[in-house]
Amino acid sequence: DTICSVAREAGLTLTEFAQRIGRSQQTLEELTAELSIGETYFFREPAHFEILRKHVFDQWARDCSQPLTIWSAACASGEEPYSAAIVAHEAGLGDRVRIIGTDISHRALTKAREAVYRPWSLRGLAADRARPYLAPQPDGRWKVKRRIREMVTFDRLNLANDPYPAVSRGLVDVQVIFCRNVLIYFDPDVIAAVARKLYDTLAPGGWLFLGASDPSLARHAPFELVMTDGGIAYRKSTARRIDVRPGRTQGVTEPRASALPVASERAPQGSSPRCAPSGDSAGSASGQAAGLGADDRRPSGAGKECGDVAVRPDKGTGVGGEVVESLRKALQEGDYEHVLRATEGMVGGEVAALRVRALAGLDPAAARTLCERLLSADPLNVPLRYVQALVLLDLGESTLALQALHRVLFLSRDEVEALFTLATIQDRLGNREEAAKALRTAESLCARRDPDERLPLGDGATVREMIAAIQRHPAYPASGFS
Ligand SMILES: C[S@@+](CC[C@H](N)C(=O)[O-])C[C@H]1O[C@@H](n2cnc3c(N)ncnc32)[C@H](O)[C@@H]1O
């Protein structure tokens with residue numbers, strides 16, 4: 001059954017699938033993952049859950065009113081994210097902590113969602129801690145109680161190939177990542193790329209837990225190693241919280257960091273210019289609310305020198321779709337230097353946005369400055385405006401990020417990804433109603449589109465995936481929008 005369903009998902013007959021396995025390492029890896037559910041149990045490596053309680057939750061409960069996201073990045077059958085949920089619940093943070101479990105294996109995820117476990121899942125030394133949250137079943141198994149289950153959502157994600165950070169999956173600015181006992185399966189190149197992508201997904205000050213036998217990630221991304229009485233963990237520096245407004249960064253060494261959702265490796269939606277304002281939106285409330293000046297609405301002339309880059313607002317890009325796709329792929333793999341080298345002197349429409357994303361992977365403050373310069377020459381560039389919002393968000397400038405998103409929507413009011421990101425920021429700022437309003441608009445826009453269409457601005461999500469993300473957003477009403 002499992003082999004049939006993996007083949008079906010790949011759109012192949014069993015014979016074609018068998019041939020593919022012989023040729024493709026990736027297919028073989030996916031099949032292996034499907035056939036073996038990873039070894040895991042409740043409160044495995046209990047020291048990590050102690051750090052979570054003592055160093056993360058206690059401080060969060062004291063200092064922050066915002067929600068906190070935890071990502072269990074190879075969660076297998078779910079014991080790991082449910083253990084984190086139990087600790088959050090006990091810390092009184094049950095309704096402020098959101099836990100996302102992902103894995104490559106559908107079978108493991110099905111088991112995780114069912115949340116019914118044999119006593120074998122409670123074999124760890126600290127697993128007894130889970131018992132009060134498990135209800136005995138007639139067949140001798142245990143089911144995780146509803147209040148813990150409801151704190152966790154599950155999603156399929158291949159750490160080696162899928163893009164992240166990923167706004168549409170909620171995997172951006174994550175405060176805690178568990179990525180334990182999975183890196184051992186990867187080649188050195190993949191480990192390096194995963195390290196950078198995990199780093200980019202963490203919020204400043206965020207924590208990463210690896211398994212005891214996992215390879216070190218310290219040389220692939222600028223993590224800080226933290227020794228606590230509960231063991232070792234990695235952290236992303238909080239240095240980026242230093243005021244980064246222009247003129248205030250002198251003397252500050254910015255760590256290599258970015259929380260940008262990277263582009264998908266899939267083809268973009270065409271390279272045509274993305275939307276001048278239509279007649280009826282030119283005076284829209286959102287544009288005025290964003291403080292969009294008259295100059296912003298006027299297309300600039302051709303060619304303008306901006307620092308080290310000759311900026312040509314090349315609306316048709318002039319750059320071939322294949323080149324754009326290879327740049328997206330390099331971004332997804334975290335090869336920012338390559339993208340910067342390859343886009344030197346060929347900055348235009350979408351390429352400008354890719355260049356800023358790449359720079360944000362190395363130096364977010366510099367990316368912000370570059371983005372502002374590029375936008376002053378090309379103010380109607382929608383992908384670039386959207387990237388500006390993400391860079392600002394990455395730098396902790398939520399209000400400015402909101403303004404940038406309003407400008408995106410002023411220029412092109414159907415940008416579902418901009419609406420979704422806007423909802424996420426509004427929700428984090430405690431503006432539930434505004435968040436719900438944006439989600440409602442996004443959902444109704446999605447309903448009019450082909451579910452398999454790829455959305456153009458963010459991490460390559462389809463309309464169908466976006467609808468699912470909207471519906472599991474914390475600000476989405478339980479009964480839906482009527
Ligand atoms: C040993 S389990 C680890 C479970 C849990 N993190 C723990 O430490 O107890 C490894 C998990 O990694 C998953 N896995 C393997 N390759 C993966 C990939 N490329 N992306 C995401 N998950 C993957 C497997 O399906 C399996 O569920």
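This section describes the ligand site and the largest pocket of a predicted model.

The ligand is surrounded by 20 residues. Thr40, Arg44, Asp103, Leu159 and Asn181 come nearest. By residue class, the shell around the ligand holds ten nonpolar, five polar and five charged residues.

Three of these nearest residues were examined for polar atoms facing the ligand. In Arg44, an N or O atom of the side chain is 2.8 Å from an oxygen atom of the ligand. Asn181 also places a polar side-chain atom by a ligand oxygen, here at 2.7 Å. Leu159 uses its backbone: one of its backbone N or O atoms lies 2.9 Å from a nitrogen atom of the ligand. The protein buries 94% of the 600 Å² that the ligand exposes when taken alone.

The largest pocket was considered next. Its space amounts to about 1200 Å³. The lining comprises 50 residues, of which Trp60, Gln66, Pro67, Thr69 and Gln175 are the closest to the pocket centre. Five elements each give two or more residues to this lining. Two are helices, H4 (46-63) and H17 (416-428). The others are strands E2 (97-103), E6 (152-156) and E8 (202-210).

The composition of the pocket lining is mixed, with 18 nonpolar, 18 polar and 14 charged residues. At the domain level, domain 2 (46-237) and domain 4 (414-482) each supply at least three residues to the lining of the largest pocket.

Key:
Residues numbered from 1 in each chain as written. Predicted model: local features only at pLDDT ≥ 70, side-chain atom pairs only at ≥ 80, totals over all residues. Heavy atoms only, no water. Near = heavy atom within 4 Å. Polar contact = N/O pair within 3.5 Å; in protein donor to acceptor, adjacent residues only side chain to side chain. Areas by Shrake-Rupley, 256 points an atom, 1.4 Å probe, with all protein chains shown as cover. Nonpolar A, V, L, I, M, F, W, Y, C, P; charged D, E, K, R; others polar. 1 Å grid on protein atoms, 1.4 Å probe; cavity = no way out; pocket = protein on both sides within 12 Å on 5 of 7 lines; lining within 4 Å. Points joined across faces, edges and corners; volume = space filled by probe spheres on them. Helix = DSSP H or I, 4+ residues; strand = E, 2+ residues; numbered from the N terminus. Domains from an automatic or database assignment.
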